[in-house]
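Reader: I am in my first year of study and would be grateful for a close look at a single part of this model. Please take the structure shown below as the basis for a connected explanation.

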Amino acid sequence: ILNIAQDIVLGCYYLTYPKPSSQVKDVKSYSSIAEAVMAKDRGAIKLQTPIRIAIKGETRETSLGRVFFNEILPTDFRYVNEVMTKKSLKKVLQQVFLQYGSEQTAETADAIKDLALRYATESAVSTGMNDYFDVPEIDAKIIPSGDARTAQISEQYEQGLITDEERYSLTVETWRNIDKEIIKVLSDKIQNEDTSIAIMVDSGARGDISNVQLASAMIGIMVDATNREIELPIRSNYKHGLSSLEQFVATRGSRKGLIDTALKTADSGYLTRR
């Protein structure tokens, strides 16, 4: 029943991820946690800077953030020297539960919550329109390749080589493949970014790469009121805005979502009364 999500994931990820701007060639050694904390207070290191420190009976190359995270785990639990994403956090809590039982797990989860909320606040992660980056190659290469392929499919249909249903399904499939290409390009780009969006997406705290695609690249195929895909994709993104036709095509899906939500609420209320 423990659900670790959003700000708790964000705080733990911020403590343990290898922040690109904090990486150093010369890793310094510290004799104790107190000395490392003093160095951080002095501004010599950051939470994510790699350091060498003796902890849990062994000298390890880790970071002060990871040391803080391990401090709240049970004393004889293994040292967790990895980035804490949503999945990793669930694994750690599962191991605590199997080793120590439910009472210790509840205490650990509570400690994780306190630590994570503190550092999620300190991380000051936020998002604005300018955080969403433009990827020129998507507009220059990937979308035109989709247009060329769909033009070829239409030509084959006009020549009588394929049926109307085949033309429709091949067109939709083409744009679905373009979607996958765009997501791959964005994923590769976000790996090297040190922004709030990269932190949110990588950690699993908020949204995923498809949300970045809608804002930065292309909205893609929408569905109509009957849940059938509209073969005319929306090539624009939310950052640069939609044309009148694209806006009209997009409203179908948005309206359907709102109506479904309203109907589901009514249905579940009715069921509760029964």
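Which residues are linked with Asp110 in a network of salt bridges? I would also welcome an account of the surroundings in which that part is found.

Author: The model is a predicted one, and what follows should be read in that light. The network of salt bridges links Asp110, Lys113 and Asp114. Lys113 takes part in two of the contacts. One is with Asp110, where the closest N and O atoms are 3.5 Å apart. The other is with Asp114, whose side chain meets that of Lys113 in a salt bridge, also listed at 3.5 Å from N to O.

The position of these residues along the chain deserves attention. Lys113 and Asp110 both belong to helix α5, which covers residues 102-123. Three residues separate them, about one turn of the helix. An α-helix has 3.6 residues a turn, so residues three or four places apart point the same way. Side chains of opposite charge can pair when their charged atoms come close.

One may next consider how far each member of the network is covered. Lys113 has a relative accessibility of 31%, so it counts as partly exposed. Asp110 is partly exposed as well, because its relative accessibility is 42%. Asp114, with a relative accessible area of 47%, is likewise partly exposed.

The structure holds 11 salt bridges, and another of them offers a useful contrast. Glu58 and Arg60 join their side chains in a salt bridge with an N to O distance of 3.7 Å. Glu58 is partly exposed at 45% relative accessibility. Arg60, by comparison, counts as buried, because its relative accessibility is 17% and the limit for a buried residue is under 20%.

This second bridge leads to the sheet. Strand β3 spans residues 58-63 and runs antiparallel to strand β2, residues 50-55, with six bridges joining the two. Ala54, for example, has Thr59 in β3 as its bridge partner. The two strands form a hairpin with two residues between them, and Lys56 in the turn has a positive phi of about 50 degrees. In the wider arrangement, three strands make an open sheet in the order β1-β2-β3, with mixed pairing. Its edge strands are β1 (28-30) and β3, each of which pairs on one side only. Neighbouring strands of the sheet are turned against each other by 30 degrees on average, direction ignored. Helix α2 lies across β1 and β2 and runs at about 155 degrees to β2.

From the sheet we may return to helix α5 by way of the interior. The largest nonpolar core contains 38 residues, and Cys12, Phe69, Met84, Leu89, Val92 and Tyr119 have the most contacts inside it. Helix α5 is one of the elements that supply at least two residues of this core, and others include α1 (7-16), α2 (33-42), β2 and α4 (86-100). Apart from this core lies another, of 19 residues, among them Leu186, Ile190, Ile197 and Val212. Within the largest core, Val92 is one of the residues with the most contacts. Leaving out residues up to four places away in sequence, Val92 touches Leu73, Phe77, Val80 and Met84.

Helix α1 gives a further view of the neighbourhood of α5. Eight of the 10 residues of α1 are buried, and the helix is mostly covered. Among the buried ones are Val9, Leu10, Cys12 and Tyr13. The buried residues of α1 pack against β3, α3, α4, α5 and α8. Both the strand β3 and the helix α5 are thus among the partners of α1.

To summarise the part in question, Asp110, Lys113 and Asp114 form one network of salt bridges. Lys113 and Asp110 sit about one turn apart in α5, while α5 also supplies at least two residues of the largest nonpolar core.

Notes: Residues are numbered from 1 along each chain as its sequence is written. This is a predicted model: local features need pLDDT of at least 70, side-chain atom pairs count only at pLDDT 80 or more; totals for chains, interfaces and linings use all residues. Side-chain values use heavy atoms; hydrogens and water are left out. A salt bridge is a side-chain nitrogen of Lys or Arg within 4 Å of a carboxyl oxygen of Asp or Glu. Buried means under 20% relative accessible area, exposed over 50%, partly exposed in between (1.4 Å probe, protein chains only). Helices (H or I, at least four residues) and strands (E, at least two) are DSSP runs, numbered from the N terminus. Two strands pair if DSSP finds at least two bridges between them. A nonpolar core is a set of buried Ala, Val, Leu, Ile, Met, Phe, Trp, Tyr and Cys residues joined through side-chain atoms within 4.5 Å. Contact means heavy atoms within 4.5 Å. Axes are lines fitted to C-alpha atoms, for helices over the stretch in contact, and angles run from 0 to 180 degrees between N-to-C directions.
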